[in-house]
Amino acid sequence: MSRSTDAAKARSLPLASDPVSSLPAHAARRAGRALDEVLASNPARRVWLKTGLGAAALSVFGVPALAAGLGAGNPDGNPDSKGPSAGQPATDGKAGAGGLDPAKDYAIRFQPVPRSTADQVVVPPGYEVQVLFSTGDAVEAGSTSWTEGVFASWEEAGKRAGGDHDGMHYFALPGVDPCKGGLLAINHEQVDMRVFFAKDSFANATFDEKQATPDQKRVALSAVGVSVIEVELVDKAWRVKRDSPYNRRYTGNSAYAVGGPARERVGATVTGTLNNCSSGATPWGTYLTCEEVTFNYFDSSQARQGYGWVVELDPQGKILRQGVKRTAMGRFNHENVAWLADDARRVAFYMGDDSTPGCIYKFVPDRPFDAMDRAANLGLLDEGTLYVARFNAAGQGKWIPLRHGAAGLTAADGYASQADVLVECQRAAVSAGGTVMDRPEWITVGPRKDIYVTLTNYTGRGGKAPVNDANPRAENHHGHIIRWNETGDSPLATTFTWDIFLLAGDPQQAAAQGKPNLAGNINGDDFSSPDGLRQDAAGRLWVQTDMNLGAVATPQVFGNNGMYCIDPATGESKRFLVGPVGCELTGIAYTPDLTTFFVNIQHPTQAWPEAGRTPRSSTLVIRRTDGAPVGA
């Protein structure tokens with residue numbers, strides 16, 4: 001989440017500022033105050049997936065896309081082909097070609113970097129950083145890239161890279177070695193104002209809808225959404241294929257279809273996607289971009305109910321030419337999506353609501369996904385059950401279904417239909433008994449089916465989110481990470497066990513302030529405000545920070561925002577990367593052999609990445625100089 005969106009998001013909640021206190025008394029008592037993948041018949045394939053590394057690789061690329069990218073028995077190179085060979089990874093019981101070898105040592109073995117406040121990207125010795133893709137770069141065929149001091153029309157801006165690069169995902173392509181080329185789908189959360197507007201366009205360089213002309217609103221809406229770009233490794237450097245037919249922008253001016261039960265209230269189509277924060281993917285190789293705001297603050301004339309959804313896109317543009325807002329997954333301030341599947345291809349999608357306060361959700365489709373036919377899965381996210389998590393004491397948890405007619409979700413409670421439950425999801429979740437959390441942001445599912453969520457920070461607690469076992473700090477300036485496991489490791493489970501994986505914070509600062517509760521318990525390099533999160537195919541946990549609390553979480557104490565690698569078994573933390581001044585670290589993607597990582601730098605404030613020029617959000621490529629896996 002970009003700190004620049006805090007004020008807008010605070011205005012976006014379609015409910016009272018305190019969703020607990022706004023409930024009827026009988027509902028408030030329930031409100032949490034008490035507080036892999038496609039396993040077909042092929043035995044070799046089953047062994048590969050059971051290693052955990054195979055399952056994690058599928059979570060990166062999606063079943064058909066990965067199979068095609070690994071040259072797996074698909075002679076026409078079309079991932080949409082049907083038949084027994086269409087989804088089969090080539091494997092000998094280990095990871096397929098270009099994948100990970102479970103016999104190798106992927107322990108965390110890099111020299112951690114020190115805290116830094118420099119206006120540069122700092123990485124360990126033996127690593128190199130390349131700026132791949134920046135705000136204003138050309139995306140669609142025939143478009144031109146940004147020039148310093150020249151401001152594009154909204155039509156041209158909508159063909160270039162948007163602002164505030166955020167969540168992203170890397171997808172394999174048919175017939176292409178996924179370690180050397182594929183597609184990057186990249187979210188654009190906000191406007192890089194100095195790239196899209198002259199500095200005197202708006203007071204304080206902040207977009208003001210009341211001052212903006214219709215064309216200026218369209219420019220701002222062009223700067224958000226998603227970029228899909230084809231990337232390739234050539235002569236040990238990655239580049240964007242400028243002439244690729246896959247390169248495409250989805251913007252706040254594009255039209256999106258609406259699916260699921262709330263279509264009756266929202267309408268068949270919506271113009272625009274907005275505040276595209278983090279994201280995820282599906283097992284069938286589509287991209288899920290998440291809207292972290294529930295109304296259009298660039299143009300308030302647009303209907304409020306059209307925003308705050310998960311939007312499904314097909315990076316290849318084959319089974320979906322238009323994005324679809326999947327309303328069955330609920331309307332709230334979505335951060336990202338992560339999934340867990342079982343041997344029967346049943347799948348659950350996990351989501352956090354980055355609001356103050358917000359709940360944690362999972363969506364379970366009514367039927368299994370199809371491993372052989374991507375198009376057969378297109379309605380899967382429109383029919384299913386949305387659950388909210390209740391974190392009970394002593395490490396026990398429960399998933400509560402958000403179904404119309406259930407306790408707290410009846411007509412007497414103000415919900416006339418399931419569409420009402422989904423549109424008013426934030427209020428419905430609390431009414432049903434969900435636990436309000438300290439700003440749940442990214443969720444990740446590991447190769448051993450352990451699930452993690454970052455609770456970034458929260459200091460406006462009051463009566464909104466009471467202290468409880470899962471949110472133990474009255475002043476949570478630095479945030480924490482919770483880990484849980486579904487009962488039986490099943491995506492269909494309605495109960496789970498959980499623990500607090502770590503409490504963030506700096507012990508020396510806490511001691512100086514006389515506030516031991518803020519010290520944290522990180523084993524190694526400490527940090528504040530965990531946000532971006534990804535557990536890679538080797539099981540290592542990557543954490544990115546977003547400090548925005550001024551006097552407490554500051555670069556003077558923690559250095560600039562950075563990226564940390566944590567061993568889930570030992571909890572040991574090592575600082576891997578530090579970003580330039582004023583930035584947020586966000587977005588984590590990688591090739592299946594882990595030799596290339598893609599990371600986003602969002603809203604740098606000084607002169608990065610090019611001295612003497614306007615700062616721009618950018619996607620980085622990080623590699624070891626010897627070509628070995630990153631972090632190992």
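**Exercise 1. Determine how strand β19 pairs with β20, and which residue stands opposite Tyr 452.**

Solution. Strand β19 (residues 451-455) and β20 run antiparallel and are joined by 5 bridges. Two strands count as paired if DSSP finds at least two bridges between them. Strands (E, at least two residues) and helices (H or I, at least four) are DSSP runs, numbered from the N terminus. Opposite Tyr 452 stands Arg 483 in β20.

The model is predicted: local features need pLDDT of at least 70, side-chain atom pairs count only at pLDDT 80 or more, and totals for chains, interfaces and linings use all residues. Residues are numbered from 1 along each chain as its sequence is written, and side-chain values use heavy atoms, with hydrogens and water left out.

**Exercise 2. Establish what lies beside β20 in strand β21, and whether β20 is enclosed or open to the surroundings.**

Solution. Step one: β20 and strand β21 (residues 495-503) are antiparallel, with 7 bridges between them. Arg 483 has Asp 499 as its bridge partner in β21. Step two: strand β20 (residues 480-486) is largely enclosed by the rest of the structure, because 5 of its 7 residues are buried. Buried means under 20% relative accessible area, exposed over 50%, and partly exposed in between (1.4 Å probe, protein chains only).

**Exercise 3. Place these strands in their sheet and describe the helix that packs on the sheet.**

Solution. The sheet is open and antiparallel, and its 9 strands follow the order β13-β14-β15-β16-β17-β21-β20-β19-β18. Its edges are β13 (334-341) and β18 (440-445), each of which pairs on one side only. On average, neighbouring strands are turned by 30 degrees against each other, direction ignored. Within the sheet, β16 (residues 384-391) and β17 (residues 396-401) form an antiparallel pair over 5 bridges, and Tyr 387 has Pro 401 in β17 as its bridge partner. Helix α11 (residues 425-432) packs on the sheet and touches β14 (347-353), β15 (360-365), β16 and β17. Contact here means heavy atoms within 4.5 Å. The direction of α11 makes about 100 degrees with that of β15; axes are lines fitted to C-alpha atoms, for helices over the stretch in contact, and angles run from 0 to 180 degrees between N-to-C directions.

**Exercise 4. Describe the open sheet of 6 strands.**

Solution. The order is β8-β7-β12-β11-β10-β9, and the pairing is mixed. Strands β8 (269-271) and β9 (276-281) form the edges, each pairing on one side only. From one strand to the next, the twist averages 35 degrees. A parallel pair is made by β7 (residues 255-259) and β12 (residues 324-326), over 3 bridges; there, Ala 257 has Val 324 in β12 as its bridge partner.

**Exercise 5. Classify the ring pair of Tyr 590 and Phe 597.**

Solution. Rings of Phe, Tyr and Trp (its six-membered ring) pair if their centres lie within 6.5 Å; planes under 30 degrees apart count as stacked, over 60 as edge-to-face and the rest as tilted. The structure holds 28 aromatic pairs. For Tyr 590 and Phe 597, the centres are 5.2 Å apart and the planes stand at 35 degrees, so the pair is tilted. Tyr 590 is buried at 2% relative accessible area, and Phe 597 is buried at 0%. Both belong to one aromatic cluster with Phe 110, Tyr 127, Trp 542 and Phe 576.
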